[in-house]
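Got the viewer open? Let's take a short walk through this structure, one selection at a time.

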Amino acid sequence: MYEPKSKANLKSLTHPLGTTIDRFILQRQNEFPHATGELSQLLRDIVLASKIISREINRAGLSGIEGLTDEENVQGEKQRMLDVIADVRFIRALVNGQQVCAILSEEREGIIETGRNEAKYVIAIDPLDGSSNIDVNVSVGTIFSIYKRVSEVGGPFSDKDFLQPGINQVAAGYILYGSSTMLVYTTGYGVNGFTYEPSLGEYFLSHQNIIQPEWGDYYSINEKQKDSFPKNIRAFLKSCKKKDMNTRYVGSLVGDFHRNLLKGGIYLYPSTQKYESGKLRLVYECNALALIAEQANGMAINGSERILEIQPEWHHQRVPFYAGSKQLIMNLQAF
Ligand code: AHM
Ligand code: MG
């Protein structure tokens, strides 16, 4: 049997970094004596779907699945082949996993009933965000929000299950398909990030208890539309430039958010002439990222309100979205 030579050695052997995501989820579950394992299973279903999508994305250029379909989604935007593939893969994994009674996806107007009325959770997803980046090999992401249903368990789901303020999320996260694939999630007890090792088919804990720097040097916004930004946003941007901050904008929300989460910075998508209420969707994009931001000591607002406190009125509702380092958001509020 291997015997470590010193205590220091033993410590490095038992370091939590490198824990597989399955073990991590189980350890977290064991901290709650009344946990039934349903949420853990649901998280594992998301993990499975993300591995499949990661594989599809990595070989997209070879398998002829780049480019557009002839269809439009509920937002009137052209769907890409990979949008559709990611949507189908996710829904299949979630339906087979049997832990949700209903699914809301960016790609579909209506809510999908899974036929599992005994399930106590619902999930809202953007299966593939920023998908226009796929054709040029730039990062894309998946975003998810899990809620306990407000409708009675055992009966059919209700629309209201998805119209809960983000503060009610039981868990939320994203997957970034970037230079490596990473899954970042929270169940309301801090934020942890896992890096995918494709040759082993496993995610390993790589970013434990992520804390967003209070300040940051980056601001991420599509400035092309600056003439139609609200006046105070234009003034804020001027102040960023004065402070010699750097612009970084991938045009892939998860990528931009992730960089600011780790390095410090602010993401902004205000109302514009084209998108009067902002472009991003409250229920399956902003709420998840807002919970992660807050759990990591950052902030997320729509200008005047905390994103997590907004009462959604519609499943595909858009909101202005500002998220990032605490001090930068507070600066923005001052404008
Ligand atoms: P999508 O959900 O249709 O992919 O759109 C959301 C994406 C975000 O990832 C990104 O931050 C934003 O749209 C970019 O929009 P724009 O091209 O207006 O800058
Ligand atoms: Mg999206």
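Here are three stops, and keep in mind that this is a predicted model.

**Stop one: the metal.** Select the magnesium ion (ligand 2) and show what surrounds it. Which residues coordinate the magnesium ion? You'll find Glu-106 and Glu-285 giving OE atoms, and Asp-126 and Asp-129 giving OD atoms, at 1.9 to 2.6 Å. Along the sequence, these donors follow the spacing E-x19-D-x2-D-x155-E. Now pick out Asp-129 and Glu-285: Asp-129 sits in strand 5 (residues 121–129), while Glu-285 belongs to helix 8, 156 residues apart, so this pair links distant parts of the chain. Both Asp-129 and Glu-285 are buried.

**Stop two: a pair of helices.** Stay with helix 8 (residues 282–295) and add helix 7 (residues 253–263): their axes lie 12 Å apart, at an angle of about 10°. Because angles under 35 degrees count as roughly parallel, helix 7 is roughly parallel to helix 8. Show side chains to see who touches whom: helix 7 brings Leu-253, Phe-257 and Leu-261, and helix 8 brings Glu-285, Leu-289, Ile-292 and Ala-293. That contact between helix 7 and helix 8 has 6 nonpolar residues, 1 charged and no polar.

**Stop three: a threonine in a strand.** Jump to Thr-181, in strand 8 (residues 181–186). Is Thr-181 buried or exposed? Its relative accessibility is 7%, so Thr-181 counts as buried. Turn on side chains and look for Ser-54, whose side chain makes a polar contact with that of Thr-181 (2.9 Å). Beyond its neighbors up to four places away in sequence, Thr-181 also touches residues including Ile-175, Leu-176, Phe-194 and Tyr-203.

Terms used:
Residues numbered from 1 in each chain as written. Chains lettered and ligands numbered in written order. Predicted model: local features only at pLDDT ≥ 70, side-chain atom pairs only at ≥ 80, totals over all residues. Heavy atoms only, no water. Axes fitted to C-alpha atoms, helices over the stretch in contact; angles between N-to-C directions. Helix = DSSP H or I, 4+ residues; strand = E, 2+ residues; numbered from the N terminus. Parallel < 35°, antiparallel > 145°, perpendicular 65-115°, else oblique. Contact = heavy atoms within 4.5 Å. Nonpolar A, V, L, I, M, F, W, Y, C, P; charged D, E, K, R; others polar. Donors = N, O, S within 2.8 Å, 3.2 Å for Na, K, Ca; no water. Buried < 20%, exposed > 50% of the residue type's maximum accessible area, 1.4 Å probe, protein only. Polar contact = N/O pair within 3.5 Å; in protein donor to acceptor, adjacent residues only side chain to side chain.
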